[in-house]
Amino acid sequence: MVPLIALVAGSALARLAGLLGVDALAGWHPALRVGLAAMFVLTGLAHFTSRRPDLVAMVPPRLPHPGLLVTVTGLLELAGAVALLVPDTARWAAAGLGLLLLALFPANASAARRGLTLAGRPVTPLAPRALLQVVFLAAAAAISFGP
């Protein structure tokens, strides 16, 4: 739920800045880029903080080197977040992050089925997590294919 809040709040605050005269944020499309970047900074940083052990545990058991996978995906999320803020790379970054979301969804599904926790709380159940995934993918698609 926190990533959704980051996406919505980041987008809304960026849009407000656009309305207050920040030309680079004039319109919902650039504001959405900021919101999605905020979301991926938040989730990317989690790969390197106290939540790291929980994220490593979320990697499906059949995949090798879960710690390395968590590191690589965290770096990709952070790099993608930066690239979202650069107009010339934003479309490609959003497309790549959308693919990353698709690649990571099985880990979220596996964690839900195995009853794992994240920061001491149960991970989001599968149905709500799938709906959140659709929202995140829609935001990435709007940036990839939008104006």
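**Exercise 1.** Determine which helix gives the most to the lining of the largest pocket.

*Solution.* In this predicted model, a pocket is an open set of points on a 1 Å grid over the protein atoms alone, where a 1.4 Å probe fits, with protein on both sides within 12 Å along at least five of seven lines; lining residues have an atom within 4 Å of a point. Helices are DSSP runs of H or I with at least four residues, and strands are E runs of at least two, numbered from the N terminus. The lining of the largest pocket comprises 39 residues. At least two of these come from each of α1 (2–19), α2 (28–46), α3, α4, α5 (87–114), β2 and α6 (126–145). The greatest contribution is that of α5, with nine residues.

**Exercise 2.** Describe the centre and the chemical character of this lining.

*Solution.* Nearest the centre of the largest pocket lie Leu-55, Met-58, Asn-108, Leu-118 and Arg-129. By class, the lining holds 28 nonpolar, six polar and five charged residues.

**Exercise 3.** Locate His-65 and state whether it is buried or exposed.

*Solution.* His-65 belongs to the loop between α3 (52–58) and α4. Its phi is positive, about 50°, although the residue is not a glycine. Its relative accessibility is 57%, so His-65 is exposed (over 50%; buried is under 20%, partly exposed in between, with a 1.4 Å probe and protein chains only).

**Notes.** Residues are numbered from 1 along each chain as its sequence is written. Local features need pLDDT (confidence per residue, 0 to 100) of at least 70, side-chain atom pairs count only at pLDDT 80 or more, totals for chains, interfaces and linings use all residues, and side-chain values use heavy atoms, without hydrogens and water.

Methods. Ala, Val, Leu, Ile, Met, Phe, Trp, Tyr, Cys and Pro count as nonpolar, Asp, Glu, Lys and Arg as charged, and the others, Gly among them, as polar.
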